[in-house]
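Ready for a few short exercises? Have a look at the sequence and the model below, then work through them with me.

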Amino acid sequence: SLLASRPAAEAAGGGGPETQMIVDRLRSEVVEATRGAEAAQAEAMDGIKRQYAAELTAAREDAAAAAASQEATHQRLVQAHAEDIQSLRDHYKGQIDQLKAHHDRQEG
């Protein structure tokens, strides 16, 4: 292994200051690469969190807009129904008034 300790490197027949410098340099590069990978992973996670938060906000806004639209539609239907009921009341009141008048004329 390139990351072998000094005794392992010496046992393999490659011991010496140059070998130790190479091992130290490689260890340093691995540490730097690991830190870079960890930073990239953290940045990616932050990006995913931001995207999730944005999508969640958009979904909540869509749901609120749909609820508001549904409520407005409901109110229009209630109003139309009330108008229909009033129209029927007026119609039947007119018919009842006509019948009463006709009845009164026949009795009088």
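**Exercise 1.** Work out how far apart R25 and E29 are along helix α2, and what links them.

*Solution.* Start with the place: R25 and E29 both sit in α2, 4 residues apart, about one turn of the helix. (Helices are DSSP runs of H or I with at least four residues, numbered from the N terminus.) This is a predicted model, where local features need pLDDT of at least 70, side-chain atom pairs count only at pLDDT 80 or more, and totals for chains, interfaces and linings use all residues. Residues are numbered from 1 along each chain as its sequence is written, and side-chain values use heavy atoms, with hydrogens and water left out.

Next, the link: R25 makes a salt bridge with E29, and their closest N and O atoms are 3.2 Å apart. That term asks for a side-chain nitrogen of Lys or Arg within 4 Å of a carboxyl oxygen of Asp or Glu.

Why does the spacing suit a pair? An α-helix has 3.6 residues a turn, so residues three or four places apart point the same way.

**Exercise 2.** Find how many salt bridges the model has, and describe the one at K93.

*Solution.* The count is 2. K93 pairs with D97 at 3.1 Å, N to O. These two also lie in α2, 4 residues apart.

**Exercise 3.** Decide whether R25, E29 and D97 are buried, partly exposed or exposed.

*Solution.* Buried means under 20% relative accessible area, exposed over 50%, and partly exposed in between (1.4 Å probe, protein chains only). R25 has 46%, so it is partly exposed. E29, at 41%, is partly exposed, and D97, at 37%, is partly exposed too.
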